[in-house]
Amino acid sequence: MDPTVAGLLAAVVGVGGTLGSAWLTQRRGDASRREEWERLEGTRRAETAARRAESGREARRAAYTEFNAAARHYLATLNDHSHVLRIGYDPQESLATVEAARVDYRRRYAEAQMIVPDIVLTEVRRVDRDLNSVYGVLARLTRGTTRDGDDIEGVRDAIKQGWQDLSRMRTTMREDLGVTRPSPE
């Protein structure tokens, strides 16, 4: 091989190697930056999801706390009103207290319906059904418009059941928040 051709060939291979090396370095750098961006984007998405989950948990905690307190207060006023009726006192003042508790409870119930997950909503609905039933019987007993089966002893039993349902609801709420573990079934 002619030394000129050999020199020219060596120069072409050298330049080609230099250019190829720069091109490969650029591609690898681009791939590395893309991987880094994807990793950062994944981290950002995970952090955003974690913030949303925590925000949702805090909103549920606040709603659970307020609903639980309102339901307990409402049931306590229903219990007090049943004592007033059983003893025979004038029920008007007691009924006004029940109505005030009922208004607060209904507002908290409406809020809970919009925020709680279905498993908790099932328990919330059970509590609501119990409270409405007790309220209905007490209202009829107060007004003297009773139906068959409306009596103060039935109300007392329903109130006891209401406390049990409130306890079950509270446990379900705490499980949803991760405060306690689900009970084995």
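The secondary structure of the chain comprises 4 helices and 0 strands, and the model described here is a predicted one. Read along the sequence, these elements follow the pattern α-α-α-α. The chain has a radius of gyration of 35 Å, whereas a compact globule of 185 residues would have a value near 16 Å. Taken along the principal axes, the box filled by the C-alpha atoms is roughly 125 × 35 × 25 Å. Of the 185 residues, 30% count as buried. Among contacts between residues at least 6 apart in sequence, 70% join residues that are at least 24 apart.

Helix H1 covers residues 3–87. The 85 residues of H1 should span 126 Å at 1.5 Å a residue, and the end C-alpha atoms of the helix lie 124 Å apart, so the computed span agrees with the expected one. H1 is followed by Gly88, a residue whose phi is positive, near 100 degrees.

Three residues of H1 illustrate the range of environments along this helix. Ser32 lies in H1 and, because its relative accessibility is 38%, counts as partly exposed. The C-alpha atoms of Ser32 and Thr43, residues that are 11 apart in sequence, are 16 Å apart in space. Asn68, also placed in H1, has a relative accessible area of 14% and is therefore buried, the cut-off for burial being under 20%. When neighbours within four places in sequence are left aside, Asn68 is in contact with Met169 and Arg170. His81, another residue of H1, is buried with a relative accessible area of 1%. Apart from neighbours within four places in sequence, the contacts of His81 are Pro91, Ser94, Leu95, Val98, Leu138 and Thr142. Among these contacts, Ser94, Leu95 and Val98 are themselves buried residues of helix H2.

Helix H2 is formed by residues 92–115, 24 residues in total, and reaches 35 Å from its first C-alpha to its last, close to the 34 Å expected at 1.5 Å a residue. The buried residues in H2 are Ser94, Leu95, Val98, Ala101, Tyr105, Arg108, Tyr109 and Ala112. An α-helix has 3.6 residues a turn, so residues three or four places apart point the same way. What covers the buried residues of H2 includes H1 and helix H3, the latter being residues 118–143.

Two further residues of H2 are partly exposed. Arg107 is found in this helix and has a relative accessible area of 41%, which places Arg107 in the partly exposed class. In sequence Arg107 and Glu58 are 49 residues apart, and their C-alpha atoms are separated in space by 19 Å. Glu111 likewise lies in H2 and is partly exposed, with a relative accessible area of 34%. The C-alpha atoms of Glu111 and Ala63 are separated by 7.2 Å, although these residues are 48 apart along the chain.

Helix H4 is formed by residues 152–177. For the 26 residues of H4 a span of 38 Å should result at 1.5 Å a residue, and the distance of 37 Å between the end C-alpha atoms agrees with this value. The buried residues in H4 are Ile152, Val155, Ile159, Gly162, Asp165, Leu166, Met169, Thr172, Met173 and Leu177, and they pack against H1 and H3. Met169, one of these buried residues, is among the contacts of Asn68 in H1.

The model was also examined for open space. Rolling a probe the size of a water molecule over the atoms shows where empty space is left. The largest pocket holds about 160 Å³ of space. The elements that give two or more residues to the lining of this pocket are H1 and H4. The lining is made up of Arg61, Tyr64, Thr65, Asn68, Arg170, Met173, Arg174, Leu177 and Val179. By class, the lining has 4 nonpolar, 2 polar and 3 charged residues. Asn68, which lines the pocket, is in contact with Arg170, another of the lining residues. Met173 and Leu177, likewise part of the lining, are among the buried residues of H4.

Note on methods: Residues are numbered from 1 along each chain as its sequence is written. This is a predicted model: local features need pLDDT of at least 70, side-chain atom pairs count only at pLDDT 80 or more; totals for chains, interfaces and linings use all residues. Side-chain values use heavy atoms; hydrogens and water are left out. On a 1 Å grid over the protein atoms alone, a cavity is a set of points where a 1.4 Å probe fits but cannot get out, and a pocket is an open set with protein on both sides within 12 Å along at least five of seven lines; lining residues have an atom within 4 Å of a point. Grid points are joined across faces, edges and corners, and a volume is the space filled by probe spheres set on the points. Ala, Val, Leu, Ile, Met, Phe, Trp, Tyr, Cys and Pro count as nonpolar, Asp, Glu, Lys and Arg as charged, and the others, Gly among them, as polar. The expected span of a helix is 1.5 Å times one less than its number of residues. Buried means under 20% relative accessible area, exposed over 50%, partly exposed in between (1.4 Å probe, protein chains only). Contact means heavy atoms within 4.5 Å. The radius of gyration is taken over C-alpha atoms; the globule rule is 2.2 Å times the number of residues to the power 0.38.
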